[in-house]
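The following exercises concern a single protein chain and are to be worked with its sequence and coordinates at hand. Each task is followed by a stepwise solution.

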Amino acid sequence: MVTMSNLLVEGWGAALLTKIVTLLLTLVLGLVAIKVLLYLEEKLLRRSPITSTAVPFILSVSKIFGYVLLGISVATSLHIVEISSIVTALGAVGLAVSLAVKDSLSNLMGGCLLILTKAFKLGDTIEVDGATGTVAEIGLIHTVLVGPDRKIFIPNGKVTNAKVTNFTAAQS
């Protein structure tokens, strides 16, 4: 018959008990840390100039990131998987995500380039890829042109790769 004292005497019961205590301690401390960090992050985001619609999205991404880190911590502390396997898997996931969002990243980097190079500014009349209008907004993802009868949203990746004619700059 297997009893707790027999398990402890044989030695592997103590190792199992140690792993269970380590697991519970890591989980409890990790979950508390995630809750505290999310609370602090929400307080900081609410005070920042970030729009209120972006705050829940940022918090959900942070929460997922926290749970993934907690899972990795538990798996490595219990020696369930080796850290090299986790790093390899995360590298593959990173590659898949980067390929999935490459167009969005192109627009984001295009927005940064437009802001840094100052090829045109708000109020300039420009032509981009056959669309003509007055620049109403230069965002990180898209540029907004206002024409006589419409508003045109052009992705910044397209703006940086297209021929841009600035009619306002030509007049000055």
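**Exercise 1. Explain the sequence separation of the pair Arg 46 and Glu 42, and characterise their contact.**

Step 1. Arg 46 and Glu 42 stand four residues apart in helix H2, and about one helical turn therefore separates them. Helices here are DSSP runs of H or I with at least four residues, strands are E runs of at least two, and both are numbered from the N terminus.

Step 2. In general, an α-helix has 3.6 residues a turn, so residues three or four places apart point the same way.

Step 3. The two side chains meet in a salt bridge with an N to O distance of 3.3 Å; the term requires a side-chain nitrogen of Lys or Arg within 4 Å of a carboxyl oxygen of Asp or Glu.

Step 4. Arg 46 is partly exposed at 46% relative accessible area, and Glu 42 is partly exposed at 31%. Buried means under 20% relative accessible area, exposed over 50%, and partly exposed in between, with a 1.4 Å probe and protein chains only.

A note on the basis of these values: the model is predicted, so that local features need pLDDT of at least 70 and side-chain atom pairs count only at pLDDT 80 or more, while totals for chains, interfaces and linings use all residues. Residues are numbered from 1 along each chain as its sequence is written, and side-chain values use heavy atoms, leaving out hydrogens and water.

**Exercise 2. State the order of the elements and the overall burial of the chain.**

Step 1. The protein chain contains seven helices and five strands. From the N terminus on, they run α-α-α-α-α-β-β-β-β-α-β-α.

Step 2. Of the 172 residues, 22% count as buried.

Step 3. The accessible surface is about 12000 Å², with 70% of it belonging to carbon and sulfur atoms; the areas come from the Shrake-Rupley method with a 1.4 Å probe, and for residues only the protein chains shown count as cover.

Step 4. Taking contacts (heavy atoms within 4.5 Å) between residues at least 6 apart in sequence, 46% join residues at least 24 apart.

**Exercise 3. Determine how the buried residues of H5 are arranged and what covers them.**

Step 1. Helix H5 comprises 16 residues, 102-117, and its first and last C-alpha are 22 Å apart, close to the 22 Å expected at 1.5 Å a residue. The expected span is 1.5 Å times one less than the number of residues.

Step 2. Asn 107, Gly 110, Gly 111 and Leu 114 are the buried residues of H5. Seen down the helix axis, they fall within an arc of 105°, so they line one face of H5; the arc is taken over the directions from the axis to the C-beta atoms.

Step 3. Their cover includes strand E2 (131-138), strand E3 (142-146), strand E4 (151-155) and helix H6 (156-161).

Step 4. The face turned away from the buried side carries the exposed residues Lys 102, Leu 116 and Thr 117.

Step 5. Leu 108, also in H5, is partly exposed with a relative accessible area of 27%. Leu 108 touches Leu 140 and Ile 141, residues up to four places away in sequence not being counted. Between Leu 108 and Leu 140 the C-alpha distance is 5.2 Å, although 32 residues separate them in sequence.

**Exercise 4. Describe the salt bridges formed by Asp 129 and Asp 124.**

Step 1. The structure holds three salt bridges. In one of them, Lys 158 and Asp 129 meet at 3.4 Å, N to O. Lys 158 lies in helix H6 and Asp 129 in the loop between strand E1 (125-128) and E2, so this pair ties together parts 29 residues apart in sequence.

Step 2. Lys 158 counts as partly exposed at 45% relative accessibility. Asp 129 has a positive phi of about 50° although it is not a glycine. Most residues other than glycine have a negative phi.

Step 3. Asp 124 pairs with Lys 121, their closest N and O atoms being 3.4 Å apart. Asp 124 is buried at 5% relative accessible area, whereas Lys 121 is exposed at 54%.

**Exercise 5. Compare the expected and actual spans of helix H3.**

Step 1. At 1.5 Å a residue, the 24 residues of H3 (54-77) should span 34 Å.

Step 2. The end C-alpha atoms of H3 are 35 Å apart, which agrees.

Step 3. The buried residues of H3 include Val 55, Leu 59 and Gly 66. His 79, which follows H3, has a positive phi near 60°.
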